[in-house]
Structures are given as structure tokens and as C-alpha cells.
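Visitor: I am new to this structure and should like to be guided through it. May we begin by looking at it?

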Amino acid sequence: MLRYTLTRLLSLAVSLAVASVVIFMAVEILPGDPATLMLGVNAQEDTLAALREQLGLNGSLWSRYLSWVGGMLTGDFGTSYTYRTPVAEMVGERLWISLPLAIYALTLSTLIAFPAGIWAASKRGSAADVGVMGVTQLGVAIPNFWFAMLMVVVFAINLRWFSAGGFPGWDKGFWLSMKSLTLPAIALALPQASILARVMRSSLLDTLSEDFVRTARAKGLSKRQALWRHALRNALIPVLTIIGLQFSFLLAGGIIIENVFYLPGLGRMIFQAVSARDLIVVESVVMLLVFAVIAVNFLVEISYALVDPRLRHGR
Amino acid sequence: MSLLRIEKLDLDIGKRPILRDVSLSVDPGQIVGVIGESGSGKSMTAFTVMQLLPEGAVARGSVTLDGHDILTLSEPELCALRGNKVGMVFQEPMTALNPIRSIGDQVAETILIHERVSKTEALNRAREALARVELPEDRFPLTRYPHELSGGQRQRVVIAMAIALRPKLLIADEPTTALDVTTQAQILKLLERLVREDGMGMLMISHDLAVVSDLADEIVIMRSGEVVERGPCPVIFSALQHPYSISLLAASTHAPDRSVQVEDTPLLRVSEVRRSYRTPRKTLFGKPGAFEAVKGVSFDLKKGESLGLVGESGCGKSTLTRAILGLEEVQGGEILLAGEPVFTGHSPNRDVRRKMQVVFQDPYGSFNPRHRVDRLVCEPFHLLDTPPTGKARDRAIEEALTSVGLTAADRYKYIHEFSGGQRQRIAIARALIIKPELILLDEAVSALDVQVRAQILDLLADLSDQFGLSYLFISHDLSVVRVITDRCLVMKAGEIVEQGPTEQVFSNPQHPYTRELIAAAPDLPELA
């Protein structure tokens, strides 16, 4: 298990290094000069040069890459070109909305998907199964922003249970903040839960037809017991993979939902930074998201090993 | 009173009749062998007793186990019987165990389901059960996982689970079919010992007459869902009544007529071949280890000869086969076919590859199900520089299909329309179509029922006479190698330990391993 973990950690470090180079190079080749953008097209040449110097845009490619990576490693993400505030501070603020939202949505999605998938698989071919499959088909098909707007109409405008958007800030109270994240979380969770439930069901059905489930039945376990004690844990590997992918998506890909609900999250920030050519913000946020994705993958791989002893033993 | 009595059992799955009027009984301490080909309903009979039938199955008649009328019991009542009064052992030990739970845990579960005992107590009894199946704790701790055990050891764990509560009846469904012959002999001995010690009844299901006849007190022969004959063993073999039983026994010992015309020139020459694989690194930056699968093997195969290669799984025979076919490069030695190397530089030599073809074991997995037979049969044409087209191609397809006993019209069909035996014929047709000199038969008849196997062996003998083919016959099945080969090689742990004329190797084995193999192979009773 230790060796497995160390190998995974090593591969995590290598992936991060490669990703940092790719991101840096991609931003480098983007057209547009941040200094011109900040000062406007009519700025004087010597002012521009001074600003470039100040922003550190004049050094060699190599030295700029090193100072960028070195800065991130010490928690210094640089200063935003447009807002003139430290990127770390901006990201920190936004992350406190996007991360809880992603976790909230993922929790909801898992809480819905597991029972639904297990229920459908255990009653294969029954009305329950057909029902779950039908509803999840719909859940996958409905665009989540449309569903979000529908919820705003019903729960915010008509019933007035929730506010239609915005975020009060965590200092205004935990429950109030959670309440304002509820509709966005549901909107994000709906398609995810549908996909996850379908994966859960099909993975479990595959496992239920395995020989060892028959062996378990021959020992005297009922169908239900065989499912819970033998099939379920074996069926988890594909489900964990999907959960990992979904978390990364929820963290970075909530931009449409953030826009629908006026949430100042990471997705909106990166969108604004790209349009303002605020390269230092783009680089840092993308790097942060890459880190999140790779870290989640690492956790998923560790959880594989916890589920399956064959991986623990380094095979 | 019988322990298990099946009377007039009919079974349908959906609208399809599976069993008709099946009656048999097992007394305490008695071993009853059920023999039949695939589709004869023998396994379904066992699953009816366990009531672990596929959905849509309807059984009529009566099945009485230790006074319980199985067909009328509710599901909870059945759960109380399964694993407690009746245990079951399955065919495929590699998949019969839950891969993510330890063996001690899985054996203890049988006890925990049926008795109110503590986990510690259950584990203690699991330890006893595992010791009874010869997996003592000092070498096989309860915390082992299935992937750390061999096939034979896993089968022992399955048996330990089945007998942990000392059931009155043990059902063994092809318990040794997936195992090597020496492992098979050990498992059969173990089953027999457990049955005799506990006075259990055993219902032993097999396609292999020889396996059952060694062990059983009574034999039941089944065919297409019906019992055709039953009687005490081995008396039954000398007084078989039903024509099917007689033909089944004949097929089991069938030896094809072969007119051997071996020339003195070697066709295939394998000299000092070595092949090793890298094993995973022990430490993160350590050097990967090496496992030598083939350790300097040399032999000749003469033109027109049928050569057998016998060995147990893991002995390196498949690696050697792949090397001969030029599918993998070897690390040492040389393989020449008709004087030319199969590997030139680092790529396989096409001129040589087209002189040999291969037929694999699995008649179901070795064809692309979406291609028609004509396209499948033509696959080896890619080895030719100018593959035939149009009329010539059609003629080649027809010729290949008719020479294996199929019709020219079969070329328009898809592979799912054929039975296992017919598929193996198509595989042979595919090998024949480019008129090779050597055909490698890698367990080519191992998955077939005995009667089909006999037909395929006849076909192979015919084709060899007709086209002057040479065969390299790779198998773990000694009885087949004995009847189809002129010479044979015995391989163990990457080395050839014995070689010689087949009859001589079998009747007077020199190497202790060969003797062990031959002793382990189950024998059919001599026909009176």
C-alpha cells in the first residue's frame, strides 16, 4: 500500500510539472499585450515599457516561468493586472464559494445516485427500474441552466423560499450561505446524479452476474444480502472513477450556473480574466484547477486501493 | 431413505424445455456422477436442487432433500438449507471467490449465516475447515486474498466454504474441469476423502467420463435434458444399453486412423530457445526482475509428423507457441521453419509465417462476430504477396470449407449460427486456406464435447493424409495427445524433461514428472 501510494504521489508531481509548462506556454502564445490593455491603446511607449518592467514581462521565457512556479510554491500567485490585487487573495475569496458549492452538489448527487442505482439494479426489469432509468434519462437530457432557471421561477419568484441569486458571504452565517447555495447545488447535481445512478446500476448489474455472487447465494445468503455484502463493494470502482471526474467538473465547470445565480465563483472569475487578458490570473486559476483535478484523481486512486486488495498488493 | 430424491423433474426456462422426466437419487455417503455433454441439462439439474435457477425457470415434479420438498419451500427456507444442508462447488475457481474479501472471512461467512456464533468462533471454525481442505494456517493465513492463491488452492477454499457446516449433500459442478491434471487428481482425492469422512452424499457433475468413473458409486448419463441411462459404477460400463451411452464411451477413447508418412527432413527446428519476461520492480527505482518462461528448449518437427507438446499451465508451452508463430521475439536461440528463421531482425518473417497457421482453444472467442464466414476464412490472405481475388478467392473459400466438412453455402453465414464443433471446423478452414505446411493446434479440442472432439480428431487425421500437413499439438489433455501424435514432448517449468515416440513415453515414462502426470490422469474402466 505504501509503495502504491508513493508511486501515485510521484506521478502526481510529474503531472503537475508537465501541466505547469503546458499552461505557461499556452498563455505565452496568446496574442495581446497586457500592458497595452491596462494602459489603453493611446499610452506612451515609455510608460508601457515601465509597466512591462514592473510586471516582469521583459525577462527571458525561462526566468519568467521559474519565478511564476517559484511564486506559486511559496503561495505568491502574483498580482492581477486589472484589479491590482494579489491573485491569491482573489482566488481565495472565490474558492470559498466554488469549493463548498462543488462539495454540496457532489454530496447531493451521491446521496441521490447511490440509492437510486442500487434500487434499480436490485429490481432489474421492474417498474422501479424502468422508472429510475426514465427519470435519469431525463436528468441527463435537461440542460442544467434551464433547470436552474425553472427552479428560480418556482422556488424564488413564486414560492419565495429562496433568493433568486447572489451570495451573502460566510460571515453572514453558515445556514444563510448554505441556503443560497442550495438551488445552484441542486441544478449542478441533477445531471451528475443521473449519470452516476446509471453507472451505479450497470456496474452493479455486471457484478451481480459474477460467479462469486452465485457462490455467495450457494452459501445461503439471500439475494439482498449477496448484493450488499459481496456485489456492492466490487461494483464501486467505476463509480469512484465517475465521482472523481464529476468533482473536477463541478469545481471548474460551474460557470453557467454561477452566472444564472450571480455567484462570484471561480468559473466567473476565469471568464472575466480571459476577456480582460489578465494573464497572471488565468495562469494561476487554471493551474489551481489542474492541481485540484490531479489531487482528486490521486484520492480516487487511493480509494481504489482501499476497495480492492489486488491494487494494495502492488499488482 | 435417500438423501436426495429427484422424481419426474421437468424444467422450462421461458418456453424452452430444459429437463424432461429426470429422476435420480443420492444416498448418504454415496457419490453419484452425472455425465453429459454441454446442453444436456446436467448443471441445470444441480441448480434445481439448489434452487438457484435463472429467471423465468419453472420446475415441476419433486425434489426431496433430507425430507424437505425443495420445490415448495419459500425463499427464506431455501436460504436456510443452502450452505447448511447442501454445499456446492463450482467449475471456475478463478472467479468463484469474491476478489476483495479474505479467504478466512469468506469461509467464516458460511458459518455466520447459519449459526449464531461470534466472529471469533466463526473464524476458528473457518480455520478448521481450511485445514481440512489441506490449506493449513501456517502456510495459508486466513488473511490471504484469492488473488494470492493458485487455481487449485482457490478451489480448496470454495470446497472449505461448502463443507464448513458439514452439509449432508455436496454438489460439485465440473469441479476440476478448469484445473491441471495433477491438481485435478488432488482435488478429486480431497473430495472423495471429505465425502467418506463425513458420510456426505455427493452429486458430481462432469462431462468427463474418466473423472467420474474413478470416483462415483453410481453413474447417471444425461442427454438433451433426459436421463438415458443409470446404474452402479463401474458395472454400468460393461453393460451399457442405450446407443447414446455406447457412442459416448466410444468417443471418449476414440483414436483416429492415421497413415503416418514422416519424412526425414525437419520442417520446424527449435534450438536453444529462451524467452523471459520482466517482472514488476520490487522497489520504486530498483531493477525489474526477470522470469524465464522458456529455458533453452530444442526440438525438431519432421515433415508430415504430428508432434505433441504436453505440460501444465504455466510450464511455458503457450509462450513457446507464440515464439514459434513469430508473435513475440525470443531472447536467445533460433526457430527455423523449412530452413528459414521466423524472425528476421526485429520483425516476423512473412515468407515463413504463411507456411504455418494456428487453431486456438476457444471456438467462441476467436472469431469476429460481425464478419461473415467468407471474410473470416480469408483472414490469412494478408500474408500473401498477391492474395487471390474474385473467382480464385471464391474457389479457395469453397475448397477450404468443403475440406473441413462444411458446405460452400456456409460462407454467407455469421459465426453465431454455428455450434462449437462447427466453429472449430471453420477455424481449421481458416488455417488451411493458404495451404500451410504446419498447423499449431493450441488446445484446439479441449473445449469440445467428447463426440465432437472425436469428429475433429478424425478430420485432422484426414487432412494430414490429404495435404501432407504437420501438426504441433499443444495440450494438457494426455488422452488426446496419445491418440493423435507420433512423438511427444513433456514440458515442465520452461524445459523439456522428456521426449520420444508417444507410445513409448506413455507406456514407459522415464522422467518422474512424466510418471506423475500419467498417474494423475484419470482412466476409463477397461471395456469388457
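Guide: One term is needed beforehand: buried area is the accessible area, taken with a 1.4 Å probe, that two parts lose on being put together, summed over both. Please note also that this is a predicted model.

Visitor: Into which domains is chain A divided?
Guide: The C-alpha centres of the two domains of chain A lie 33 Å apart. The division of chain A gives domain 1 (2-73) and domain 2 (94-312).

Visitor: How much area do domain 1 and domain 2 of chain A bury between them?
Guide: Of the area buried between these domains, 79% is on carbon and sulfur atoms. On the side of domain 1, Tyr4(A), Leu16(A) and Val27(A) supply 32% of what that domain buries against domain 2, more than any other three residues. The area that both domains bury between them is about 1,700 Å².

Visitor: Which side chains meet in a salt bridge at 3.5 Å, N to O?
Guide: A salt bridge requires a side-chain nitrogen of Lys or Arg within 4 Å of a carboxyl oxygen of Asp or Glu. At 3.5 Å, N to O, this is met by the side chains of Arg8(A) and Glu301(A).

Visitor: Which side chain of opposite charge is nearest to Glu283(A)?
Guide: Glu283(A) is found in helix H13 (residues 279-307) of chain A, and among the residues that Glu283(A) touches are Val27(A) and Trp68(A). Glu283(A) is buried yet has no salt bridge. At 7.3 Å, the nearest side chain of opposite charge is that of Arg64(A).

Notes:
Residues are numbered from 1 along each chain as its sequence is written. Chains are lettered from A and ligands numbered from 1 in the order in which they are written. This is a predicted model: local features need pLDDT of at least 70, side-chain atom pairs count only at pLDDT 80 or more; totals for chains, interfaces and linings use all residues. Side-chain values use heavy atoms; hydrogens and water are left out. Helices (H or I, at least four residues) and strands (E, at least two) are DSSP runs, numbered from the N terminus. Buried means under 20% relative accessible area, exposed over 50%, partly exposed in between (1.4 Å probe, protein chains only). Lys and Arg count as positive and Asp and Glu as negative; His and the chain ends are not counted. Contact means heavy atoms within 4.5 Å. Domain bounds come from an automatic or database domain assignment. Lists of a residue's contacts leave out its neighbours within four places in sequence.
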